[in-house]
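Please consider the following note on the structure shown below. The points are numbered for ease of reference.

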Amino acid sequence: MSDITTVSKTGWYLLKCSMALEAVESIVMSQQDSTGIASFSLLIRPGREAQRVVYLLANTSYRLSLRTANDKASLPDNQLCCSLQHISVADGWYRLWLRVRNLLPEWREVSFPFFLVKVAGRAVNLKCLPSTAALQLYETTWSHYTQVKDYSRWIEEQEPALQKRRRANQPGVENTTLSAKVYFLLPLASGSCLDGLRKTLTSLEQLSSDNWRCILLLARKGDETGEDEQKIRSLLVSSVVLSQQVDLLLVAEGALGEILNTGLELQVIQAPESWVFPLLLGDRVASECVEWLSRTVQQAPDCSVIVADEDRLTVDGRRIKPCFKTAWNLDAFLSGTGTGRAVLIKASLLQQAGGFALGMEGELPLDALLYGLMLKLSAHVDLSASSRNLPVVLLHVAESADQHSAVFKAKVVNSWLETRQYSAEATPVSGRSVRVRWEVRAPEPMVSLLVPTRDHVEILQPCIESVLQRTDYPSFEVIILDNQSNCPQTLAYLKEACLRDSRVRVLRWDNPFNFAAINNFGARHANGSILALVNNDIEPLNSDWLTEMVSQACRPDIGCVGAKLYYPNGRIQHSGVVLGVGGVAGHVDRFAVGNSTGYKQRLLRVQNISAVTAACLAVRKDLFDRVGGMNELQLAVNYNDVDLCLKIQALGYRNLWTPFAELIHHESVSRGTDRSPSKRVRAQNEAAYMHRTWGHLLDRDPAYNPNLTLVHEDFSLRVSDDCMRQLSTRYP
């Protein structure tokens, strides 16, 4: 689909687009003039209007083109509706500032007048007009770098700027020299590829710090030496750095864990502050690896495990398939999400835990060994406190990762569960994932389902009936919280539902709409020890949805539990809330195809998450009461669920999302959207409260990675406003 448009007046315009088609991938609207001098993108979601500011020149032709995100499919012309609305200069600048302030953390506290001043300063540095600098900054909030298609471009354009900014955000970290060395352990088998070894050693030669050593562990049978040893020693003496920094140790053949343990026994590694970084043949270490690890240790001297980001190498050495990780996420780990290979461990902790060997039969690859090792280490230290995520790509892996199967993972997890005497069982599920089923001890706790509603019986009735018919959990009540319904059909249904099913009762809330206050009111009248906040436009898909949520909520270390929600068309509506996305918090993987596995298979796995939506949320009533319930004063409509989750998390509990409780969510059908001026003002005030209260977390969600975008919801790559592409001087 394409169209040519021109405008008669140079200036600011509001481009509005909407699309009716639902059965397509995410859509990108690109706008560019016939000479290709300028381009704009606008991500459009089915059934929703999207809008953005553009600056257009009079009597210039612009082409509007519609394409899918993968650029492979075309769409019918009649599916898209676009319009251009001329706006004032003041309105254009205000809209630019509002979006930049909301979506770029570095600009969050910048007022509108100061925004104009800062943009003017940037214009001087860029040698362009202020409006051009403002548009470049604004364009950053629309840039979309996918991990598959744009990773190479991101490495070249964005990665250096993001690393530079992280260094600048580490005040007081100047001397990056560790008191003890980093020891790279590299096991070698007889007949190992010398070319792969050369590539790994070359990357070590290029390390920016010399505070390291590498131990080559050459496995041999009996007392044989052979040509392997001679070739390796010849390679080492060919370089001054390698001859001084790399040692060759002959070890007996054995399992990988046993070989690594031999290196761990060396006296030089016994120093209290020594760190161990296991590698494999062909791996390449980033040149600033030791420097970044040193910075992390200086910032967190008590940490004993550092997990860095990594990616893969093609045969010709290209970097692909980035793996951007979160902070320690126990439930994701128990579900099969490992640490990957970029793992640095304090030698003293390894020795305390008995080294790398897991005591399991059979040969295990390194990533499998590290998966089991992390749970082994968790018996000796609290990894949530003593581990650190380093959001820098420090390792380029030569072989495919995650070779171990779900069966192996389930075996490791079951061993961990048994050691701690948990009433739970891990079983392998699709892909390389694991499901842990937690026992609900008898007698099952009573659950109170709180369902706020007002009129719209056509929405409420399917919700209530489906809950009653598709819930196999034996002990629950449904409390319908009626917020001033006056529809005769709705009132008749409320009366009939109570008479027909003793599990249903209706409480009247005769006050203006306040989602937080309504649920607090319902909680005060609930009989259950578990509260389940349920929107009136929810319909369960699987009968064990509540059993799954209750089994998680009953765990003593778990706070709020969220469900997997779908739009009626089958696409994902909720798979957890990430802080900072969209300005305050956003639903990641929203609009993804319902059967997709998600980023690193996250849609298949239970995981700890900072917040979940109250459209379907379970929490123990004592926790709800302990934090004072929902904030009904500052957060009447928006973010009260996020605030609730963060208050509970601040007490030391882990919030959790599970994909095994599946429901349809029609999302705001009965309440509508926030388009009116009064609703916008209220929403802005609620967002401001969240920034004042939780701003330190909105910039760095531990369940998310800083290399990932806060603009989009699809785990695409983050764009730095220091890397703005140059727009043509034909712009204002």
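1. Which residues line the largest cavity? In this predicted model, local features need pLDDT of at least 70, side-chain atom pairs count only at pLDDT 80 or more, and totals for chains, interfaces and linings use all residues. Residues are numbered from 1 along each chain as its sequence is written, and side-chain values use heavy atoms, with hydrogens and water left out.

2. The lining of the largest cavity consists of Leu 579, Leu 698, Asp 699, Arg 700, Asp 701, Tyr 704, Asn 705, Pro 706, Leu 708, Leu 710 and Arg 718. A cavity is a set of points on a 1 Å grid over the protein atoms alone where a 1.4 Å probe fits but cannot get out; lining residues have an atom within 4 Å of a point. The space in this cavity is about 70 Å³.

3. In helix 17 (residues 488-500; helices are DSSP runs of H or I, at least four residues, and strands runs of E, at least two, numbered from the N terminus), Thr 490, Tyr 493, Leu 494 and Ala 497 are buried. Buried means under 20% relative accessible area, exposed over 50%, and partly exposed in between (1.4 Å probe, protein chains only). The four buried residues lie on the same side of helix 17, because they cover an arc of only 100° around the axis (taken from the directions from the axis to the C-beta atoms). Pro 488, Lys 495 and Leu 499, on the other side, are exposed.

4. Gln 484, in the loop between strand 20 and helix 17, has a positive phi of about 65° although it is not a glycine. Gln 484 is partly exposed, at 22% relative accessibility.

How values were computed. 1 Å grid on protein atoms, 1.4 Å probe; cavity = no way out; pocket = protein on both sides within 12 Å on 5 of 7 lines; lining within 4 Å. Points joined across faces, edges and corners; volume = space filled by probe spheres on them.
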